[in-house]
Amino acid sequence: VKGAELQRGAEKSSVAQLYRSIIKEIPRVLILYDVDMPLKTAKSAIRYHFRQHKFLKDGRIIGLLLAKGYMELEETLMQWKQKTHLLRILEVPSLEPKKLENLTAAEKLILNID
């Protein structure tokens, strides 16, 4: 049991390290891609994507997402993405509670809403 707890602790610190790395690079990325967006909005979009996966327990999936996160960060900093790719990440869907009630089951599945 202690080994699993130590592994979860290591995973949490790795996730936090990735999050800090991304947050640290946001001002540079916004300038590189000429994105007219407040820094606070960009940070909240990144926070949204991290919180989407906060209930994951499987270390393999967490490791996969960490690797993908670092690859995305590197591709972004190397300017291998187009501006539209970056904007898809930074523009988080904002749905009002009233609109959520009117969504069909398929739309909820697509938007990853329970």
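Q: Which residues form a positive surface patch?
A: This is a predicted model. One member of the patch, K40, lies in helix 2, residues 39–51. Patch residues need over 30% relative accessible area, and K40 has 70%. The positive surface patch is formed by K40, R47, R51 and K54.

Q: Is K40 buried or exposed?
A: The cut-off for exposed is over 50% relative accessible area. K40 has a relative accessible area of 70%, so K40 is exposed.

Q: Which helix gives the most residues to the largest nonpolar core?
A: The largest nonpolar core has 17 residues. Those with the most contacts inside it include I26, L30 and V35. Helix 1 (2–32), helix 2, helix 3 (59–77) and helix 4 (83–90) are the elements that give two or more residues to this core. With six residues, the most is given by helix 1.

Q: Where is D34 found, and what is its phi?
A: D34 is found in the loop between helix 1 and helix 2. Its relative accessibility is 59%, so D34 counts as exposed. D34 is a residue other than glycine, yet its phi is positive, near 50 degrees.

Q: Is Q79 exposed or partly exposed?
A: Q79 sits in the loop between helix 3 and helix 4. Phi of Q79 is positive, near 60 degrees, in a residue other than glycine. Partly exposed runs between the buried limit of 20% and the exposed limit of 50%. Q79 has a relative accessible area of 43%, so Q79 is partly exposed.

Note on methods: Residues are numbered from 1 along each chain as its sequence is written. This is a predicted model: local features need pLDDT of at least 70, side-chain atom pairs count only at pLDDT 80 or more; totals for chains, interfaces and linings use all residues. Side-chain values use heavy atoms; hydrogens and water are left out. Patches are made of residues with over 30% relative accessible area and no salt bridge: like charges are joined within 9 Å, nonpolar side chains (Val, Leu, Ile, Met, Phe, Trp, Tyr) within 5 Å. Accessible areas come from the Shrake-Rupley method with a 1.4 Å probe; for residues, only the protein chains shown count as cover. A salt bridge is a side-chain nitrogen of Lys or Arg within 4 Å of a carboxyl oxygen of Asp or Glu. Lys and Arg count as positive and Asp and Glu as negative; His and the chain ends are not counted. The place of a charge is taken as NZ of Lys, CZ of Arg, CG of Asp or CD of Glu. Helices (H or I, at least four residues) and strands (E, at least two) are DSSP runs, numbered from the N terminus. Buried means under 20% relative accessible area, exposed over 50%, partly exposed in between (1.4 Å probe, protein chains only). A nonpolar core is a set of buried Ala, Val, Leu, Ile, Met, Phe, Trp, Tyr and Cys residues joined through side-chain atoms within 4.5 Å.
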